[in-house]
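Here are my notes on the model, as numbered points. Please read them with the structure open.

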Amino acid sequence: MAEVLRVGSRASRLALVQTEWVVARLREAWPDLEVRVEPIRTAGDRDRATPLADAPAGLGVGVFVKELEQALLAGRIDLAVHSMKDVPTRVPEGLEVEAAVPARADPRDCLLTSAGQSLEDLPRGAKVGTSSPRRRAMLLAARADLRFTDLRGNVETRLAKLEAGRCDATVLARAGLERLGLLDGRAWTVPVSVALPAAGQGALGLEFRAGDERVRGLVGAVDDPASREAVVAERALVRRLGAGCRTPLGVLGTVDAAGRLALEAYLVGADGRASLRERAEGSAADAPAIGVRLAETLLGAGAARWIERGNAAADA
């Protein structure tokens with residue numbers, strides 16, 4: 001009898017595409033493995049209107065992963081596939097998510113307009129549809145004249161709202177557009193000099209029960225060490241800062257061929273008028289320590305005031 005692996009996924013099209021990509025890699029590595037995908041609707045899928053940052057206290061944390069984690073803890077599934085940027089840096093006791101990270105897609109954001117305009121080309125006072133405090137603050141730092149409107153829903157829904165004239169532009173993760181085959185002439189990739197991505201953006205999170213050595217061995221075959229080390233450093237930084245969903249924080253790690261990790265963080269005031277940008281480097285083997293060290297540098301430079309404001313707003 002073939003070995004069976006039950007894999008949980010959000011029920012959205014993007015989530016299922018990502019999960020099937022992981023499943024294909026697992027089947028390549030383990031030809032005798034029988035993989036069963038079980039779609040699970042999450043709170044974030046059920047409510048596509050409320051901006052996540054405006055959800056009642058606590059409900060916005062892990063809104064796309066909680067039901068999957070509950071299924072893992074209950075033994076209904078063996079593995080959950082997430083967009084890593086959706087996974088809180090503190091996972092429930094009994095689970096782990098940083099043991100294996102598949103090769104990461106391009107982590108940058110894309111600005112989308114009907115005409116494929118760049119940030120510089122947007123007309124003065126253009127209205128940008130996004131519910132992300134990070135994206136709002138970083139775009140304001142680059143263009144103080146921009147206006148914003150909340151825009152939620154899956155990728156296709158937000159693109160439809162853009163085409164319907166609900167806004168002049170929107171911002172989406174390039175990785176999601178690529179995975180859905182929707183990266184086209186409407187998209188302008190935002191340079192990291194303007195906006196750093198959310199921690200883990202572009203990466204997939206493989207979450208399983210701690211101590212499940214069978215699953216650990218299976219997912220180890222799809223691990224990309226450079227992607228894992230970069231993501232581990234990013235998440236360590238966010239964890240040490242205690243940053244929440246309303247903190248306008250971007251962070252990006254990259255690992256070169258020599259095994260050196262460069263980690264950069266960008267923290268912006270909500271109005272875009274003040275910011276901190278710091279960088280740390282070291283051996284990729286020390287990824288967690290590099291993340292903590294860079295967080296300490298930010299805290300020493302006064303980052304706590306922005307983090308406290310963001311967390312207070314999330315709890316309001």
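1. L237 touches L249, V251, L263, A265, G291, L294, A295 and L298, leaving aside residues up to four places away in sequence. The model is a predicted one, and this list of contacts should be read as computed from it.

2. L237 shares a distinction with L241: of the 25 residues in the largest nonpolar core, these two touch the most other members. Two or more residues of this core come from each of α8 (225-241), β11 (249-255), β12 (260-268), β13 (275-283), α9 (287-300) and α10 (304-315). Helix α8 supplies the largest share, six residues. In soluble globular proteins, nonpolar side chains tend to be buried together.

3. A second core lies apart from the largest one. This other core has 20 residues, including M138, A169, V171 and A195.

4. Which residues of α9 are buried? They are A287, I290, G291, L294, A295 and L298. These residues cover an arc of only 135 degrees around the axis, so they sit on the same side of α9. Among the elements covering them are α8, β12 and β13. Four of the names recur in the contacts of L237, namely G291, L294, A295 and L298.

5. The length of α9 agrees with expectation: at 1.5 Å a residue, its 14 residues should span 20 Å, and the end C-alpha atoms are 20 Å apart. After the helix comes G302, with a positive phi near 100 degrees.

6. Helix α5 (residues 155-163) has V155, R158, L159 and L162 as its buried residues. Viewed down the axis of α5, they fall within an arc of 100 degrees and therefore line one face of the helix. They pack against α1 (13-29), β5 (109-112), α4 (133-142), β8 (169-173) and α6 (174-180).

7. Both ends of α5 deserve a look. At the N-terminal end, N154 acts as the cap, with a side-chain oxygen 3.3 Å from the backbone nitrogen of E156. Just after the helix, G165 takes a positive phi of about 85 degrees.

8. Is R174, a residue of helix α6, buried or exposed? R174 counts as buried because its relative accessibility is 19%, and the cut-off for buried is under 20%. Its contacts, not counting residues up to four places away in sequence, are D106, R108, D109, C110, L183 and T189.

Conventions
Residues numbered from 1 in each chain as written. Predicted model: local features only at pLDDT ≥ 70, side-chain atom pairs only at ≥ 80, totals over all residues. Heavy atoms only, no water. Buried < 20%, exposed > 50% of the residue type's maximum accessible area, 1.4 Å probe, protein only. Helix = DSSP H or I, 4+ residues; strand = E, 2+ residues; numbered from the N terminus. Arc of directions from axis to C-beta. Contact = heavy atoms within 4.5 Å. Polar contact = N/O pair within 3.5 Å; in protein donor to acceptor, adjacent residues only side chain to side chain. Core = buried A, V, L, I, M, F, W, Y, C linked by side-chain atoms within 4.5 Å. Expected span 1.5 Å × (residues − 1).
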